[in-house]
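Open the model in a viewer and keep the selection panel at hand. The stops below follow one another, and each begins with something to select.

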Amino acid sequence: MKMNKLLLSAALALAACVAQAEKADSGKPTQITFDQLDADDVKQIKTFTGNVVLTRGTLLMKSPKAVVTEDPEGYQFVVLHSGPGVQATFRQKMDGPGDQWVEGKADRIEYDNKTELVKLFAKAQIKKLEGPKTASQVDGEFISYDSRKEFFAVKNTPSGETQPGGGRSTMVIQPSSKQAAPAPAATQPAAGR
């Protein structure tokens, strides 16, 4: 029973970590800077290589290579690929008061503009930041989160499935800045005075 409460507390804390992304971002134009582009307008596939930086509002994604496809409705699906010694990354401001951000990194990141679902594959990590401080962090082989529904999942294999004998995941939750500071320890009068 105590373990179930602990797991529920951890899940609720991480759900807060992946709170809704900045709603205004979905209506902003997408800007992509890169070194090289191969575009197939018939298939609506664009392959960007070399220091790719994709920006839309507060959403910032970086990788050595990105493949962007567009559906008939105009929604974009982005796959960010890592390179030797460089993981794909993303960062986005979260809705709500204060300076709250979510950022992540992985060997491959998939972002669906229509559903606002982000999937991180292999050596994945997501952090919630409050200003410059990390409020919580999750590391695993696969992490997905839906910023609209504030729902996340962590799996122990890069395929997105949990399998016996797969890797282990880790979650670190920092103490809330809203918690009262501990009272200073009472001092004992010196003996023999």
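A residue is called buried here when its relative accessible area is under 20%, and exposed when that value is over 50%. The model is a predicted one.

**The whole chain**

Begin with the protein chain as a cartoon. One helix and twelve strands make up its secondary structure. Going along the sequence, the pattern reads α-β-β-β-β-β-β-β-β-β-β-β-β. Of the 193 residues in the protein chain, 31% are buried. Consider next the contacts between residues at least 6 apart in sequence: 45% of them join residues at least 24 apart.

**Ser144**

Select Ser144, which is in strand E10. Is Ser144 buried or exposed? Its relative accessibility is 12%, and because this is under 20%, Ser144 counts as buried. Show its surroundings, leaving out neighbours within four places in sequence: Ser144 is in contact with Val118 and Lys119, and also with Phe151, Phe152 and Ala153.

**Val118**

Move across to Val118. Beyond residues up to four places away in sequence, Val118 touches Phe90, Ile109, Glu110 and Tyr111, together with Ile143, Ser144 and Tyr145.

Now display the largest nonpolar core, a set of 24 residues. Which residues have the most contacts inside this core? They are Met61, Leu80, Phe90, Ile109, Val118, Leu120 and Tyr145. At least two core residues come from each of these strands: E3 (45-56), E4 (59-70), E5, E6 (88-93), E7 (100-106), E8, E9 and E10. In soluble globular proteins, nonpolar side chains tend to be buried together.

**Strands E5, E8 and E9**

Select residues 76-81 and 108-112, which are strands E5 and E8. The two strands pair in the antiparallel sense, with five bridges between them. To find one of these bridges, pick Leu80, whose partner in E8 is Ile109. Both residues were named above among those with the most contacts inside the core.

Add strand E9, residues 117-130. E9 pairs with E8, again in the antiparallel sense and over five bridges. Asp112 has Leu117 of E9 as its bridge partner. The hairpin of E8 and E9 has four residues between the strands. Select Glu116 in this hairpin and check the backbone: its phi is positive, near 55°.

**Arginines and rings**

Show the side chains of Arg108 and Phe121. Arg108 lies over the face of Phe121, 3.8 Å from the ring centre. Then go to Arg91 and Trp101. The charged end of Arg91 sits over the Trp101 ring, at 4.3 Å from its centre. For ring-to-ring pairs, a search of the whole structure finds two aromatic pairs.

**Met94**

Select Met94, in the loop between E6 and E7. How accessible is Met94? Its relative accessibility is 1%, so Met94 counts as buried. Draw a distance from its C-alpha atom to that of Leu59: the two residues are 35 apart along the chain, and the atoms are separated by 9.8 Å.

**Gln137**

Return to strand E10, residues 133-146, and select Gln137. The Gln137 side chain makes a polar contact of 2.8 Å with the side chain of Asp139. In a regular strand the side chains alternate between the two faces of the sheet. Setting aside residues up to four places away in sequence, Gln137 touches Gln125, Ile126 and Lys127, as well as Thr170, Met171 and Val172. Between the C-alpha atoms of Gln137 and Gln174 there are 8.7 Å, although the residues are 37 apart along the chain.

**Gln31**

Finish at Gln31, in strand E1 (residues 31-33). Gln31 has a relative accessible area of 52% and is therefore exposed. Apart from its neighbours within four places in sequence, Gln31 is in contact with Val53, Leu54 and Thr55. The C-alpha atoms of Gln31 and Val53 are separated by 8.1 Å, with their positions 22 residues apart along the chain counted as sequence distance.

Notes
Residues are numbered from 1 along each chain as its sequence is written. This is a predicted model: local features need pLDDT of at least 70, side-chain atom pairs count only at pLDDT 80 or more; totals for chains, interfaces and linings use all residues. Side-chain values use heavy atoms; hydrogens and water are left out. A polar contact is a pair of N or O atoms within 3.5 Å; within protein, one must be able to donate a hydrogen and the other to accept it, and residues adjacent in sequence count only if both atoms are side-chain atoms. Contact means heavy atoms within 4.5 Å. Rings of Phe, Tyr and Trp (its six-membered ring) pair if their centres lie within 6.5 Å; planes under 30 degrees apart count as stacked, over 60 as edge-to-face and the rest as tilted. A charge sits over a ring if NZ of Lys or CZ of Arg is within 6 Å of the ring centre and within 35 degrees of the ring normal. Two strands pair if DSSP finds at least two bridges between them. A nonpolar core is a set of buried Ala, Val, Leu, Ile, Met, Phe, Trp, Tyr and Cys residues joined through side-chain atoms within 4.5 Å. Buried means under 20% relative accessible area, exposed over 50%, partly exposed in between (1.4 Å probe, protein chains only).
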